[in-house]
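Trainee: Could we walk through this one together, starting with how the chain is divided?
Mentor: Gladly, let's take a look.

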Amino acid sequence: MRKDEQLRLLDILEDGIATGRTAFADGVMRTPASDFTCPDLLAQEQDVFFRETPLFTGLSCDLPEPGTYWADSQTGLPILMTRDEDGEFRAFANACRHRGAQVVPDGRGERPRVSCPFHAWTYNMRGDLVAVNRADSFGGIDKGQHGLVELPSAEKYGTLWVIPNPRSRETIDVDACFGELADDMENWGLGAYQHAATQVLEADVNWKLAIDTFGENYHFPVLHRDTLGPGFHGNLQTHDVMGLNYRMVFARSNFQEVAKAVPDRDQWPFRQMTLCVYFVYPNTIFLVDMGVVDVLRMFPDGTGRSRTAHSVYFTPNAADFFRRTGTDPRERFAGFNSVVQSEDYVMAASTQACAEAGIHEHFLFGRNEPALHHYHNAHRKGLGRPLLQVENS
Ligand code: FES
Ligand SMILES: [Fe+2]
């Protein structure tokens with residue numbers, strides 16, 4: 001994020017702390033509980049969001065060197081992402097052209113070639129089929145026509161994008177995907193970050209409820225009163241709609257203390273005073289925290305279940321610190337999970353159970369929860385559904 005934008009947001013938060021005012025929507029909004037339980041809606045979401053839409057998948061450092069790969073099946077389509085010998089980012093359907101077996105097990109590594117575990121057909125990092133085991137006994141095929149199926153992919157601002165559709169002929173315009181967020185992304189300098197660790201959280205919640213967890217801090221002083229809550233000014237956020245994407249910034253509870261200690265406002269250390277929460281359409285939450293960023297990708301696993309694929313990345317300074325102190329980056333997950341898995345997703349699961357039991361027809365989003373208004377209408381826009389309207393009272 002640019003410095004002038006940081007200062008503008010810090011002004012808003014300072015004012016909010018002083019006055020108790022947060023960013024408000026124009027009123028309350030209600031969303032049908034069936035949005036979390038309807039199998040027909042899920043089928044549309046699967047087609048549009050998870051087969052046609054470019055997905056923000058990770059950072060450039062997920063593939064740090066030529067010859068590195070990352071196999072990931074979270075979208076439901078096994079994907080092999082590689083950095084080829086020229087350093088170009090590529091993505092393929094991770095399915096062998098012989099009989100469709102997954103060529104590389106999910107995970108990360110570095111190799112010039114990968115060999116299918118079924119009959120040992122071998123592919124390079126450009127997806128070319130370079131060797132057929134016992135080719136003379138297999139029979140004649142044109143190797144040039146039997147490379148891995150390439151998926152649309154793109155890399156810009158240190159971010160990786162893929163459309164998980166082997167039949168797609170689209171190209172990905174990263175600037176169009178980020179829209180007005182492109183400026184922030186460029187200025188975070190993500191190209192210099194390092195991958196720290198990845199985990200997958202499963203929860204009995206619709207994938208949109210998992211996203212909603214990251215959509216307001218009205219709940220911080222209540223649900224997180226003994227964990228995250230004391231670290232932030234609850235019920236206070238900035239609010240910026242950027243096309244289908246969204247940005248909100250929270251103030252840490254040390255905000256005034258730091259402000260007092262640093263008399264020159266231009267020198268206020270933005271990341272020590274705030275937490276930035278971005279929604280990157282359609283399924284990603286991107287957190288800019290002190291020393292790290294988090295990429296959280298939510299995927300449906302049925303209407304009432306979802307997976308959150310969570311990767312943490314270090315700034316160069318934080319990476320040095322972890323190396324020098326010998327700290328295991330996975331330790332960060334313990335703190336994160338004690339909040340998100342043990343508190344947020346437990347609460348979201350009770351919302352899911354309420355929706356499934358048909359107790360309420362609607363759930364309410366307050367005017368102090370403007371991000372939820374945005375997330376749900378961004379998804380509705382994507383599907384061409386009627387938008388939820390604000391109710392003034
Ligand atoms: S399925 Fe891959 S080599 Fe046979
Ligand atoms: Fe929370």
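**Domains and the sheet at their contact**

Mentor: In this predicted model, the domain assignment of the chain gives domain 1 (3–51 + 178–391) and domain 2 (55–171).

Trainee: How far apart do the C-alpha centres of domain 1 and domain 2 lie?
Mentor: Start from the assignment, where domain 1 is written in two segments and domain 2 as 55–171. Taking the C-alpha centre of each domain, the separation is 31 Å.

Trainee: Which element gives the largest share of the side of domain 1 that touches domain 2?
Mentor: With C-beta atoms within 7 Å counted as a contact, 20 residues of domain 1 meet 15 residues of domain 2. On the domain 1 side, the elements giving two or more residues are α2 (39–52), α5 (182–187), β13 (194–203), β18 (292–300) and β19 (306–314). The largest share there is 4 residues, and it comes from β19.

Trainee: And by class, how many residues on that side of domain 1 are nonpolar?
Mentor: That side of domain 1 has 4 charged and 6 polar residues. The nonpolar count is 10.

Trainee: Which are the edge strands of the open sheet of 7 strands?
Mentor: The order is β13-β19-β18-β17-β16-β15-β14, with antiparallel pairing. An edge strand pairs on one side only, and here those are β13 and β14 (240–242).

Trainee: Which residue in β19 is the bridge partner of V295?
Mentor: β18 and β19 run antiparallel and are joined by 9 bridges. For V295, the bridge partner in β19 is S311.

Key. Residues are numbered from 1 along each chain as its sequence is written. Chains are lettered from A and ligands numbered from 1 in the order in which they are written. This is a predicted model: local features need pLDDT of at least 70, side-chain atom pairs count only at pLDDT 80 or more; totals for chains, interfaces and linings use all residues. Domain bounds come from an automatic or database domain assignment. Two residues are in contact if their C-beta atoms, placed from the backbone, lie within 7 Å. Ala, Val, Leu, Ile, Met, Phe, Trp, Tyr, Cys and Pro count as nonpolar, Asp, Glu, Lys and Arg as charged, and the others, Gly among them, as polar. Two strands pair if DSSP finds at least two bridges between them.
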